[in-house]
Amino acid sequence: MELAPVVAQQLVNEALKAQERAYAPYSKFPVGAALLAEDGRVFRGCNVENASFGLTTCAERNALAAAVVAGARPLAIAVVGNQHDLLPCGACRQVLAEFNPDLVVVTRSSAGVLTTRVLRQLLPEAFTLAP
């Protein structure tokens with residue numbers, strides 16, 4: 001699925017707004033995500049750290065959880081952080097693949113150039129319980 005450049009930019013803008021809300025006192029690495037649902041709604045998420053580091057929740061999973069609670073299905077997600085072309089971690093890739101292995105993933109370079117990828121490319125042969 002192709003994502004129109006204007007839609008990709010709007011999604012990145014929403015992810016930047018989410019990044020402003022990140023709770024990252026330990027890593028100092030705020031991350032924002034914006035998930036576009038099939039019905040056109042956008043759900044934001046940010047990373048929420050915890051002193052017990054393993055309990056930290058990534059921005060992508062928080063955006064996905066908000067969409068699931070609202071009954072929405074993911075179509076695309078933008079992820080932004082303090083480094084260029086920030087991609088979802090392996091755990092987020094697996095969780096996102098549960099809902100849409102063909103999810104469009106939008107990232108932004110330090111120069112502001114947007115790149116789109118398909119989740120299936122980032123996580124080939126994702127784990128599944130389906131036969």
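User: Contact means heavy atoms within 4.5 Å. With that in mind, which residues is Gly-45 in contact with, leaving aside its neighbours within four places in sequence?

Analyst: Keep in mind that this is a predicted model. Gly-45 is found in strand E2. Leaving aside neighbours within four places along the sequence, its contacts are Ala-18, Val-31, Gly-32, Ala-33, Ala-59, Asn-62 and Ala-63.

User: Is Gly-45 buried or exposed?

Analyst: Let's start from the cut-off: a residue counts as buried when its relative accessible area is under 20%. Gly-45 has a relative accessible area of 6%, so the residue is buried.

User: What separates the C-alpha atoms of Gly-45 and Thr-57?

Analyst: Along the chain, Gly-45 and Thr-57 are 12 residues apart. In space, their C-alpha atoms are separated by 9.8 Å.

User: Are helices H2 and H3 roughly parallel or roughly antiparallel to each other?

Analyst: Helix H2 covers residues 59–69 and helix H3 covers residues 90–99, and their axes lie 9 Å apart. The two pack at an angle of about 20°, and angles under 35 degrees count as roughly parallel. H2 and H3 are therefore roughly parallel.

User: How many residues of the contact of H2 with H3 are nonpolar and how many are charged?

Analyst: From H2, the residues that take part are Glu-60, Arg-61, Leu-64 and Val-68, and from H3 they are Ala-91, Cys-92, Val-95, Leu-96 and Phe-99. None of the residues in this contact is polar, and the rest divide into nonpolar and charged: seven and two.

User: Which residue forms a salt bridge with Arg-44?

Analyst: Side chains of opposite charge can pair when their charged atoms come close. For Arg-44, the closest N and O atoms of its salt bridge with Glu-14 are 2.8 Å apart. This pair links distant parts of the chain, 30 residues apart, with Arg-44 in strand E2 (residues 42–46) and its partner in helix H1 (residues 5–19). The partner is Glu-14.

User: Where is Asp-85, the residue that Arg-117 is linked with?

Analyst: Arg-117 and Asp-85 form a salt bridge in which the closest N and O atoms are 3.9 Å apart. The two are 32 residues apart, with Arg-117 in strand E5 (residues 114–118) and Asp-85 in the loop between strand E3 (74–80) and H3.

User: What parts does the pair of Asp-102 and Arg-120 tie together?

Analyst: Asp-102 and Arg-120 meet through their side chains in a salt bridge of 2.9 Å, N to O. The residues are 18 apart in sequence, so this pair ties together the loop between H3 and strand E4 (104–108), which holds Asp-102, and helix H4 (residues 119–122).

User: What is the relative accessibility of Arg-120?

Analyst: Its partner Asp-102 is partly exposed, with a relative accessible area of 40%. Arg-120 also counts as partly exposed, with a relative accessibility of 44%.

User: Which residues do salt bridges that share partners join into one network?

Analyst: The structure holds five salt bridges. Some of them share partners, and these join into one network Glu-14, Lys-17 and Arg-44.

User: What is the phi of Lys-28?

Analyst: Most residues other than glycine have a negative phi. Lys-28 is found in the loop between H1 and strand E1 (32–37), and the residue is exposed, with a relative accessible area of 60%. Although Lys-28 is not a glycine, its phi is positive, at about 60°.

User: What is the relative accessible area of Glu-125?

Analyst: Glu-125 lies in the segment after H4 and has a positive phi, near 55°. Exposed means over 50%, and Glu-125 counts as exposed because its relative accessible area is 81%.

Notes. Residues numbered from 1 in each chain as written. Predicted model: local features only at pLDDT ≥ 70, side-chain atom pairs only at ≥ 80, totals over all residues. Heavy atoms only, no water. Axes fitted to C-alpha atoms, helices over the stretch in contact; angles between N-to-C directions. Helix = DSSP H or I, 4+ residues; strand = E, 2+ residues; numbered from the N terminus. Parallel < 35°, antiparallel > 145°, perpendicular 65-115°, else oblique. Nonpolar A, V, L, I, M, F, W, Y, C, P; charged D, E, K, R; others polar. Salt bridge = Lys/Arg side-chain N within 4 Å of Asp/Glu carboxyl O. Buried < 20%, exposed > 50% of the residue type's maximum accessible area, 1.4 Å probe, protein only.
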